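This report covers strand order, helix placement and one helix pair. The structure comes first, then the details.

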Amino acid sequence: MIATVTLNPSLDLTVTVDRLVVDDVIRMRSMRKDPGGKGINVSRVVNTLGGATIAYGFIGGHEGGVLSVLLAEEGILTSFVAVEGDTRINVIVSERESGTQTRINAEGPRVKVEDLEKLKERLWKMGGVYCAARFMVFAGSIPPGLPKTVYRDLIEDTQDRGIKAVLDTDGDALKYGVRAKPFMVKPNTYELERLVGRDLKGAGDQEIIQAAKEVRDMGVEVVAVTRGGGRAVLVTGDRVLLGTPPSVKVINSVGSGDSFIAAFLLALLHGKGFEEAFQWGLAAGAATAITPGTELLKKEDFYRLIPEAKVEEV
């Protein structure tokens, strides 16, 4: 099983318009609601690809109830702790004419320390579902009320129980989380540059590889750096792999990194090596990028694109 922890989930509302016009009425062409949050996206993709998963996290209010119902309709097992306040709504405005998306993210409800303790009880209760988990993914932003070190502490608890922790976040949450030496981190270029403390905009493969090695030297076993449509980097042990994603017409990249993690870990669960897991991750990211709004990958697109993902060792 691949378990996920999303401390600040959301309802993602995607609105499609022809184009944004300031100070005028704009007609909506379509609208859809999807469960949101990076860890929840990982669970959704794992489920779509036939893997077993459970999603942990915090929910609140009417929006939290809708989120739970949407996940139940997809057949995803959840174990959420209810908090005061409402689960946030993130709004994505997709313009047909320009092909661009404008994303407006809410902060999220305040989470108390006692709420976190309830979550830990769910995660670590004896005989709980966690006993079946090989990987636990911690992903997304930290909600108001929780310390910046929360991922570090949770990762230490996870790995003390023999479960491999995976971290996908940004800023201070990533800096502190890496100190717990998770099994894997998956930054994009911007998250990586904030982690290593230098500008990587326009950096070539070798500069990205060097930065990824610095993260590996912090005690992380697997460092995967996604770069949008550019070549991705995977550093594990003394090995360095470059991955060229399938060439696709990108409709929306929201969730592509989460899809990468889901497919990568699922491949490892299936006994695949890092090269094939890298291929699976690249194919999943591309398959999500060709879907509209916050919709995630379709299974048939994923399998069609696997052979088009190219991996080489350097």
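## A parallel pair in the ten-stranded sheet

Strand β1 (residues 2–6) and strand β8 (residues 135–139) run parallel, joined by 4 bridges. Within this pair, T4 stands opposite V137 of β8. The model is a predicted one.

Both strands belong to an open sheet of 10 strands. Its order is β5-β4-β1-β8-β9-β10-β11-β12-β13-β14, and the pairing is mixed. The edges are taken by β5 (77–82) and β14 (310–313). Each has a single partner strand, so one side of each has no neighbour in the sheet.

## Helices across this sheet

Which strands does α1 lie across? They are β1, β4 (53–59), β5, β8 and β9 (164–168). The helix runs at about 155° to β1.

Helix α9 (residues 274–289) lies across β11 (222–225), β12 (232–236), β13 (239–244) and β14. Its angle to β13 is about 30°.

## The four-stranded sheet

A further open sheet has 4 strands in the order β3-β2-β6-β7. Here too the pairing is mixed. β3 (28–36) and β7 are the edge strands, and each pairs on one side only. Direction ignored, neighbouring strands of this sheet are turned by 20° against each other on average.

Strand β6 (residues 88–95) runs antiparallel to β7, with 4 bridges between them. One position can be picked out: S94 has Q101 in β7 as its bridge partner. Helix α2 (residues 61–73) lies across β2 (10–17), β3 and β6. It runs at about 85° to β3.

## The α1–α8 packing

Two packed helices are described by the angle between their axes and the distance between the axes. For helix α1 (residues 38–48) and helix α8 (residues 256–269), the angle is about 50° and the axes are 8 Å apart. That angle makes α1 oblique to α8, because it falls outside the ranges for roughly parallel (under 35 degrees), roughly perpendicular (65 to 115) and roughly antiparallel (over 145). The crossing is right-handed.

From α1, the contact uses K38, N41, V42, V45 and V46. From α8, it uses D258, S259, I261, A262 and L266. How do these residues divide by type, and how many are nonpolar? There are 6 nonpolar, 2 polar and 2 charged residues.

## Confidence

The mean pLDDT of the protein is 92. A value of 70 or more is reached by 98% of the residues. Among the elements, strand β10 (residues 184–185) has the highest mean pLDDT, 98. Strand β7 (residues 101–104), an edge strand of the four-stranded sheet, has the lowest, 84.

Notes. Residues numbered from 1 in each chain as written. Predicted model: local features only at pLDDT ≥ 70, side-chain atom pairs only at ≥ 80, totals over all residues. Heavy atoms only, no water. Axes fitted to C-alpha atoms, helices over the stretch in contact; angles between N-to-C directions. Helix = DSSP H or I, 4+ residues; strand = E, 2+ residues; numbered from the N terminus. Left-handed = near helix turned anticlockwise from the far one by under 90°. Contact = heavy atoms within 4.5 Å. Nonpolar A, V, L, I, M, F, W, Y, C, P; charged D, E, K, R; others polar. pLDDT = per-residue confidence, 0-100. Pairing = 2+ DSSP bridges.
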